[in-house]
Amino acid sequence: MDSFWHYQFRIIMLGDSTVGKTSLLKRYTEGVFIDFINQTVGVDFYVQFVEVEPGVRVKLQFWDTAGQERFRSVTQSYYRNSAGGLLVFDLANRTSFEHVKNWHEEVMERVKPHKIIFILVGHKSDLVEEREVSVEEAEKLASTLGLKYIETSAKNNNNVENAFAVLTMSIYESITKGEITLREGWDGVKCSLTQMTESRSKAQKAPEQTCPC
Ligand code: GDP
Ligand code: MG
């Protein structure tokens with residue numbers, strides 16, 4: 001029952017190396033913060049289950065690059081098979097903020113004609129003295145790109161859960177509104193019809209109206 005889900009969303013982490021992508025995931029899925037994280041090679045996976053409305057359980061499957069972003073060698077399928085992502089910059093690193101536009105452009109280009117739902121995350125908000133990007137300019141950029149903006153700290157556990165919740169709800173709402181459609185051979189969103197039927201007979205409350213598959 002633990003691994004039961006109605007939907008699965010695949011979510012990617014984007015942004016320059018060292019902005020704190022892995023730390024955000026570790027804080028969210030494992031509740032820890034590690035000062036010096038070792039970079040593994042390849043792609044790491046993280047999983048978290050959330051309820052988007054009573055009785056609707058979503059499995060979030062996160063893909064985390066392990067250093068490839070440094071060389072801009074993230075593969076096409078990494079972008080293509082995802083429903084959404086956190087576009088992260090470091091509030092204490094102006095260059096990482098300036099690269100946000102490039103990341104956004106690159107992804108949009110690669111997933112065409114489909115869309116992917118992002119939120120913009122200004123990370124390491126605990127570094128108050130070192131801050132190099134103001135809330136105003138980050139919000140301005142976010143609105144130019146049509147994204148929501150959230151500031152987080154994995155170190156202080158500030159707003160981390162909220163950032164993931166906002167993204168998850170945006171994806172879920174896009175599905176219920178029909179803006180995201182499930183496509184054959186696409187792994188961004190999966191809907192588990194058989195598991196739903198099973199749950200209906202057990203729990204007597206299936207979210208029939210919200211399931212597009
Ligand atoms: P990634 O390359 O984007 O995955 O970044 P990492 O998660 O590996 O983090 C890079 C460095 O930033 C590590 O030394 C982390 O400990 C540090 N870091 C991550 N999140 C925070 C945070 O919220 N506050 C502070 N002060 N440091 C952080
Ligand atoms: Mg990392």
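With Ala, Val, Leu, Ile, Met, Phe, Trp, Tyr, Cys and Pro counted as nonpolar, Asp, Glu, Lys and Arg as charged, and the others, Gly among them, as polar, the shell around ligand 1 in this predicted model divides into six nonpolar, eight polar and seven charged residues. Of the 21 residues around the ligand, those that come nearest are T18, S23, D35, D126 and A154. Helix α1 contributes three residues to this shell, which is the largest share.

Polar contacts to ligand 1 involve both side-chain and backbone atoms of the protein. A nitrogen atom of the ligand lies 2.7 Å from an N or O atom in the side chain of D126, a residue that is also listed among those nearest to ligand 1. An oxygen atom of the ligand is found 2.8 Å from an N or O atom in the side chain of K21, while for I34 the partner is a polar backbone atom, at 3.2 Å from an oxygen atom of ligand 1. The ligand, which exposes 590 Å² when taken alone, has 88% of that area buried by the protein.

Helix α1, which spans residues 21-30, is itself mostly covered, with eight of its ten residues buried. The buried set consists of K21, S23, L24, L25, K26, R27, Y28 and T29, and thus includes K21, whose side chain makes the 2.8 Å approach to an oxygen atom of ligand 1, as well as S23, one of the residues that come nearest to the ligand. The helix is followed by G31, for which phi is positive, near 70 degrees.

Note on methods. Residues numbered from 1 in each chain as written. Chains lettered and ligands numbered in written order. Predicted model: local features only at pLDDT ≥ 70, side-chain atom pairs only at ≥ 80, totals over all residues. Heavy atoms only, no water. Buried < 20%, exposed > 50% of the residue type's maximum accessible area, 1.4 Å probe, protein only. Helix = DSSP H or I, 4+ residues; strand = E, 2+ residues; numbered from the N terminus. Near = heavy atom within 4 Å. Polar contact = N/O pair within 3.5 Å; in protein donor to acceptor, adjacent residues only side chain to side chain. Areas by Shrake-Rupley, 256 points an atom, 1.4 Å probe, with all protein chains shown as cover.
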